[in-house]
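Me: I should like to study this structure through a short series of questions. Please show it first.

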2 protein chains.
Amino acid sequence: MKKATRFGDARAVRMNDVAQRANVSPMTVSRALSNPEMVSEKTRDKILAAIEQTGYVPNRIAGSLASNRSNTVGLILPSIRNSLFSETIQAAADVLSKKGYLLLIADSGHLVEEEEKLVEAFLGQRVSGMILHNTEHTERTMAMISNSGIPVVESGDLTSHPMDISVSYSNFEASKAMTRYLLDKGYRRIGFVSLLSKNNNRACLRRDGYLSALEEVGVKADEALMIEAGSSLEAGRGALTKLVQLAEKPDAIFFAGDIMAAGAAFECQKLNIRIPDDIAIASFDDLDILQHMSPSITSLQIPRIEIGHEAASIILSRIEGQETSAVTKDLGFNIVERQST
Amino acid sequence: MKKATRFGDARAVRMNDVAQRANVSPMTVSRALSNPEMVSEKTRDKILAAIEQTGYVPNRIAGSLASNRSNTVGLILPSIRNSLFSETIQAAADVLSKKGYLLLIADSGHLVEEEEKLVEAFLGQRVSGMILHNTEHTERTMAMISNSGIPVVESGDLTSHPMDISVSYSNFEASKAMTRYLLDKGYRRIGFVSLLSKNNNRACLRRDGYLSALEEVGVKADEALMIEAGSSLEAGRGALTKLVQLAEKPDAIFFAGDIMAAGAAFECQKLNIRIPDDIAIASFDDLDILQHMSPSITSLQIPRIEIGHEAASIILSRIEGQETSAVTKDLGFNIVERQST
DNA sequence: TTCGATAATGTTACCGCTATCATGACCCAA
DNA sequence: TTGGGTCATGATAGCGGTAACATTATCGAA
């Protein structure tokens with residue numbers, strides 16, 4: 001069965017066509033486009049005119065094949081849907097597009113096997129670099145990456161053993177710091193609502209940070225105060241409901257991710273639980289809405305834009321041949337204190 | 001100055017290498033990968049083993065060049081940052097990745113000139129299709145697209161003259177319907193907070209829908225009730241503040257986009273303005289948080305996921321050669337009535 | 001036995017561009 | 001005048017695959 005390629009076969013204008021029209025060799029056209037200064041002004045003008053007339057669009061596929069370079073960079077996220085990432089994506093895309101690079105984006109659904117497939121697909125596209133918002137990978141993923149020789153940034157967490165480049169903040173330290181902050185405020189029964197820890201290393205690290213802070217201060221962790229919830233307003237409400245029904249209620253709750261804290265705050269409003277008098281609330285990600293709620297909610301400010309920006313910048317400088325050997329860039333975090341604690 | 005290509009020159013394994021190791025011709029390897037059923041099982045096993053051993057990753061760039069097909073689809077958004085789009089992106093990515101296609105995403109910053117550049121870049125990559133979340137384009141953009149012959153979906157608004165395929169809902173009708181709904185509820189001084197209309201056709205269409213509804217019912221539009229605001233919580237608060245300070249206060253406000261209604265609701269809380277008793281509030285996009293707030297906020301439910309899904313599906317079927325000539329797919333919208341009106 | 005259909009594999013050319021080296025034009029100092 | 005430098009351009013040979021056609025092996029029916 002022959003596929004009816006009814007579309008896409010308007011035979012495209014090639015460099016050769018432009019060359020003929022301009023009365024030069026294809027090579028000169030190529031130069032006029034990628035190294036204009038190597039071509040005399042007169043010739044260049046002729047060529048540009050010919051391009052204009054023919055509507056020529058250079059075929060980067062052919063160019064990439066011939067030059068063994070591509071102008072794409074791959075980005076793999078655990079979930080595109082999570083709007084927290086959109087600032088990171090945008091920041092990366094901005095930096096890259098300024099240098100003529102395009103961003104290939106894909107979604108691993110938090111699965112390392114899926115990530116493996118995507119890495120392979122990206123390498124197949126001969127991306128010039130990759131950003132992985134994840135620090136756990138399959139053996140094969142790591143083998144493929146180290147084999148490829150392209151710059152790769154891991155950005156989900158600051159890892160001590162990056163494959164190549166690490167640009168992030170420490171989930172463990174951030175979580176620990178926020179817990180410390182609550183402890184310093186005098187809270188002692190601190191609930192901890194984790195993201196689903198399955199397939200999510202960052203969720204585990206945050207929990208460990210929480211536990212570590214408690215331990216340092218000598219507060220015994222209480223399993224009953226630690227629950228997991230999906231990343232939604234709904235789940236946040238549910239978690240809050242559960243925790244306030246305990247016989248020994250928490251005096252504060254640290255929501256370790258996403259939008260859960262907002263859901264919980266909404267639920268408090270509904271249940272007439274006063275924040276922070278009855279219960280304090282702290283959040284991990286500093287979503288815009290947290291500062292607008294009444295009361296406004298204390299949270300960790302994560303350098304999301306900087307991560308995208310730095311990751312892309314480092315990749316670019318690597319591509320351009322700058323050494324910048326193995327890099328680990330800690331972009332830190334901030335505790336933004338608000339009314340809720 | 002020679003660029004130090006210290007990275008990326010681990011000379012990659014080629015199909016030829018695999019072929020030699022498996023004692024077959026490159027062509028057989030190619031077939032084993034893309035049409036396995038054309039190769040005998042024995043040969044296929046040999047080839048797969050060779051691939052495994054060498055860690056071969058097919059070069060899609062070369063494949064695309066030779067076959068004149070690519071496995072990428074381009075998506076251009078006015079702003080990646082706007083989290084409203086993330087569901088659309090994800091839905092499209094899901095559909096595409098199931099068929100082995102990758103998504104190139106870029107951001108036009110609401111500028112048609114930027115869109116033009118991106119379209120050119122995408123065509124340069126020989127994307128198999130494109131999705132543009134916008135219905136206004138430069139002459140050149142349209143020329144390039146119609147020239148390319150690839151399937152292109154416009155998804156920002158249901159337009160009567162799509163370049164090729166239109167998958168969306170009608171901003172005009174949606175806005176009009178919501179305004180009608182408010183009018184039917186008995187509200188007569190209805191404020192309208194628009195997104196910045198500059199470079200944003202959709203914002204204008206929504207405003208027109210609002211005006212049209214008013215006109216139909218014979219309510220005279222009042223300039224004082226119509227203001228523009230950026231798409232942020234902050235801007236929503238500001239808009240509300242302005243409107244309630246008017247001598248003749250509105251009895252309802254329709255926030256025609258993004259997250260502004262939530263900001264306004266927060267502000268009401270702070271100012272002790274009762275919703276809907278003192279003022280009713282309606283929102284255009286049905287963000288998750290609107291249904292969780294107290295009071296919950298009436299809004300228009302836009303088929304964001306369906307748009308991504310349909311757009312990608314139609315493009316795929318076009319690529320595969322199905323006719324589906326010029327398509328206009330109206331995915332509609334829903335008014336979700338809640339406590340705020 | 002022989003021929004043609006079918007399945008499995010190979011050969012060749014070429015996709016559209018760029019790296020590399022070769023060439024020609026021009027200029028100036030010796 | 002001549003030789004060698006510089007600048008602008010051209011010719012050639014791939015990049016790593018795949019389309020299209022060619023070839024060989026295999027097998028059953030005539």
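Contacts with the DNA strands

Reply: In this predicted model, a backbone N or O atom of A:A66 is found 3.3 Å from a base oxygen of DNA strand D.

Me: Which elements give two or more residues to the surface near DNA strand D?

Reply: Both protein chains take part in this surface. The elements that supply two or more residues are α2 and α4 of chain A together with α2 and α4 of chain B.

Me: Which element gives the most to the surface near DNA strand D?

Reply: The surface near DNA strand D is made up of 10 nonpolar, 8 polar and 3 charged residues. With 4 residues, the element that gives the most is α4(B).

Me: How far is a phosphate oxygen of DNA strand D from an N or O atom in the side chain of B:R69?

Reply: B:R69 is among the residues that come nearest to DNA strand D, as are A:S25, A:T28, A:T43 and B:S30. Another residue, B:M15, has a polar backbone atom 2.9 Å from a phosphate oxygen of this strand. For the side chain of B:R69, the distance to a phosphate oxygen is 2.6 Å.

Me: What share of the atoms of DNA strand C within 4 Å of the protein belongs to sugar or phosphate?

Reply: Phosphate oxygens of DNA strand C lie 2.8 Å from a backbone N or O atom of B:S25 and 3.0 Å from a polar backbone atom of B:S40. A base is also approached, since a backbone N or O atom of A:A62 lies 3.3 Å from a base nitrogen of DNA strand C. Of the strand's atoms within 4 Å of the protein, bases hold the rest, and the share of sugar or phosphate is 67%.

Me: Which element gives the most to the surface near DNA strand C?

Reply: Elements that each supply at least two residues here are α2 (26-34) and α4 (60-67) of chain A, together with α2 (26-34) and α4 (60-67) of chain B. The element that gives the most, with 4 residues, is α4(A).

Me: Where do the buried residues of α1(B) lie around the helix axis?

Reply: In helix α1 (residues 15-22) of chain B, the residues B:V18, B:A19 and B:A22 are buried. Seen down the axis of α1(B), these buried residues fall within an arc of 100 degrees, so they line one face of the helix.

Me: Against which elements do the buried residues of α1(B) pack?

Reply: The elements in question belong to chain B. The buried residues of α1(B) pack against α2 and α3 (41-54).

Key. Residues are numbered from 1 along each chain as its sequence is written. Chains are lettered from A and ligands numbered from 1 in the order in which they are written. This is a predicted model: local features need pLDDT of at least 70, side-chain atom pairs count only at pLDDT 80 or more; totals for chains, interfaces and linings use all residues. Side-chain values use heavy atoms; hydrogens and water are left out. A residue is near a molecule or strand if one of its heavy atoms lies within 4 Å of it. A polar contact is a pair of N or O atoms within 3.5 Å; within protein, one must be able to donate a hydrogen and the other to accept it, and residues adjacent in sequence count only if both atoms are side-chain atoms. Buried means under 20% relative accessible area, exposed over 50%, partly exposed in between (1.4 Å probe, protein chains only). The arc is that of the directions from the helix axis to the C-beta atoms. Contact means heavy atoms within 4.5 Å. Ala, Val, Leu, Ile, Met, Phe, Trp, Tyr, Cys and Pro count as nonpolar, Asp, Glu, Lys and Arg as charged, and the others, Gly among them, as polar.
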